[in-house]
Amino acid sequence: MQFHHHGYVSQDPRIVAAAGTGVDRPADLPDEMDVLIVGSGPAGMLLAAQMSQFPDVTTRIIEQRDGRLVLGQADGIQPRSVETFQAFGFAERITAEAYNIAYMNFWGPDPENPGNIIRTTRTEDYGLKISEFPHLIVNQARVLDYFAEAAAHGPGRIAPDYGVGFVGLTVHDDGEYPVEVRVRYTAGAREGEERTIRAKYVVGSDGARSGVREAIGRTHVGAFAAHAWGVMDVLVNTDFPDWRTKCAINAQAGNILHIPREGGYLSRIYVDLGEVAADDNHQVRQTPIERVIEKANEILHPYSLDVKEVAWSSVYEVGHRVTDGFDDTLDSERAPRVFLAGDACHTHSAKAGQGMNVSMQDGFNLGWKLGSVLTGRSPESLLSTYSAERQPVAQQLIDFDREWSSLMARKPGEISDPQELANYYLATAEFPSGFMTQYEPSEITGGSEYQALAAGFPLGRRFKSAEVVRVCDGNVVHLGHHAKADGRWRVYAFADASGARLAEWASDVAPVIARFTPTDADADAVLDVKAIYQDAFEDIDITAVAPLFLPKSGPLGLIDWEKVYTSAPNAWSKTDIFAERELSRDGVVVVVRPDQYAAAVLPLDAVADLDEFLSGVFLPA
């Protein structure tokens, strides 16, 4: 972690100095703002944390509840989300309090006594097999707390305006703040009062019954499946031996997905309540908790649950729906003004553990784009890429969840291979982990002409980190972990064997980088450039590397020594990133977006191509 570059810091370095709109932030909602976020769920809170890194942008987030979420419905945290938490600075802390999934066990009917269940398969979880980040279970409320902390500690000092509900909006054709929003105070001294505020952009992260979605004329496409599940967070005593292991249980009496929760005692149980009659009219949602517990005991036979406390429970019918567009453009050719994120634009079952994870990636995708446009770094056309990128991801999620939830709901007689569910769980691991997302070529994702130079960094997919050696001190670090969620792009320049071509590249590209960097900003304020050599770190004279890789930071103009790395293994790591990620030994440049997706792969002699790509992303400073 780097700090002191703006002077000596003796307090918590995660709390940066307030700047811009974060200085003397008004307690009440202003009449006008740049960005209004509606809803403080995972997408909204991540977006707020990201926007706090753009203190020159006025951002507010409203929530109709009168305070923080206490009982969150979501709890599954996939490795890609933990990777995202790392970029926001709290992965280690949330991992310490979470439940880490090491195994998933599968249970089915005992062939000799089908009324009982037996363990059929014990599988290692996929998390650490495909990433350096784990697969966690932690209460959604805690995830929101951490993002709220990141938002409050960022220079923009963003905090939710609780007790303010969304009523409606109108998008006007002109004006500096073209979105007129009607809100109502739902708590406090002003409860019941309505007022009108105006914004340049509005983001609806207000859940499956989104008022923002209705206001812009977008509709959910899809339907509910005729199957119901009861879900409960419980504290129990039991003789079931896998109570602290994630399990999929398939019995004659029905199905259970059992997920241990954080804290060592709490568990979540999804209980199969069976088919729902066509004329049920959602009456199944009134199923009493006593019946859900009774059903769970029927499925678990010969084991039993003695439920001591129910922390939270619900009954739902499986639904698979995606909105017909994630912004308000409809058939218009104008730039979008209103966006949808999270459950406001995709809903599905909870059993694949994807809702909160995909929602957060919606917010991550949109946040840096809004910040870049509103600070004048990028053209407004950048905002049109949000719906174009995230809507296909949502459809892929719906398709995956439909198959997974159908497999989970089958009866024993419909299963020919007892290993089928376990095999599917492992074979599809990369998708639920969050690593299968691949954005199509666009103005912010380049073509594949030079992909072979960096085969391990597929364009449009998340930048898969690997260990390197930091030259200044010989420490082994993950290259991607140095990239924080601060809205900056990363340019990784992998050197040729001698380093001569890299030196020439650095000289040629320096004026290109400077053209997009404000004259009063640090040299790496927009594009953070790093060098990765092939020599042993002790053989590299760091004072002789190109000035581009030793920029000066902050008002004191202090040299940043932490942008020069080597791939050569040392006493602490045997990893060679060139071999791990199939990088050309002749050198290659990999450009990575602020949301950690690989955007361009170019040879060292293609400075003109790099200039052309960056010119499509940025406006001259």
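**View 1. The whole chain, and how much of it is tucked away.** Buried residues account for 56% of the 621 residues in the chain. Keep in mind that this is a predicted model. Along its principal axes, the C-alpha trace runs to about 75 × 60 × 50 Å. A compact globule of 621 residues would have a radius of gyration near 25 Å, and the chain comes in at 26 Å, so the two agree. As for surface, about 24900 Å² is exposed, with carbon and sulfur atoms supplying 49% of that.

**View 2. Secondary structure and contacts.** Count along the chain and you get 13 helices and 27 strands. Take the contacts between residues at least 6 apart in sequence: 73% of them join residues at least 24 apart.

**View 3. Inside the largest nonpolar core.** This core has 112 residues, and the members touching the most others are Phe147, Leu370, Trp489, Trp505 and Phe549. Zoom in on Leu370: leaving aside residues up to four places away in sequence, Leu370 touches Val35, Leu47, Met51, Tyr201, Val203, Phe339 and Leu383. Apart from this core sits another one, of 24 residues, including Ile117, Cys247, Ala251 and Ile269. Nonpolar side chains do tend to be buried together in soluble globular proteins.

**View 4. The stretch from 437 to 619.** An unreviewed UniProt entry lists residues 437–619 as "domain: Phenol hydroxylase-like C-terminal dimerisation". Over residues 437–619 the chain is 17% helix and 20% strand. The C-alpha atoms at the two ends of this stretch are 28 Å apart.

Key
Residues numbered from 1 in each chain as written. Predicted model: local features only at pLDDT ≥ 70, side-chain atom pairs only at ≥ 80, totals over all residues. Heavy atoms only, no water. UniProt positions renumbered as here; feature names shortened; annotations may be inferred. Helix = DSSP H or I, 4+ residues; strand = E, 2+ residues; numbered from the N terminus. Core = buried A, V, L, I, M, F, W, Y, C linked by side-chain atoms within 4.5 Å. Buried < 20%, exposed > 50% of the residue type's maximum accessible area, 1.4 Å probe, protein only. Contact = heavy atoms within 4.5 Å. Rg over C-alpha atoms; globule rule 2.2 N^0.38 Å. Areas by Shrake-Rupley, 256 points an atom, 1.4 Å probe, with all protein chains shown as cover.
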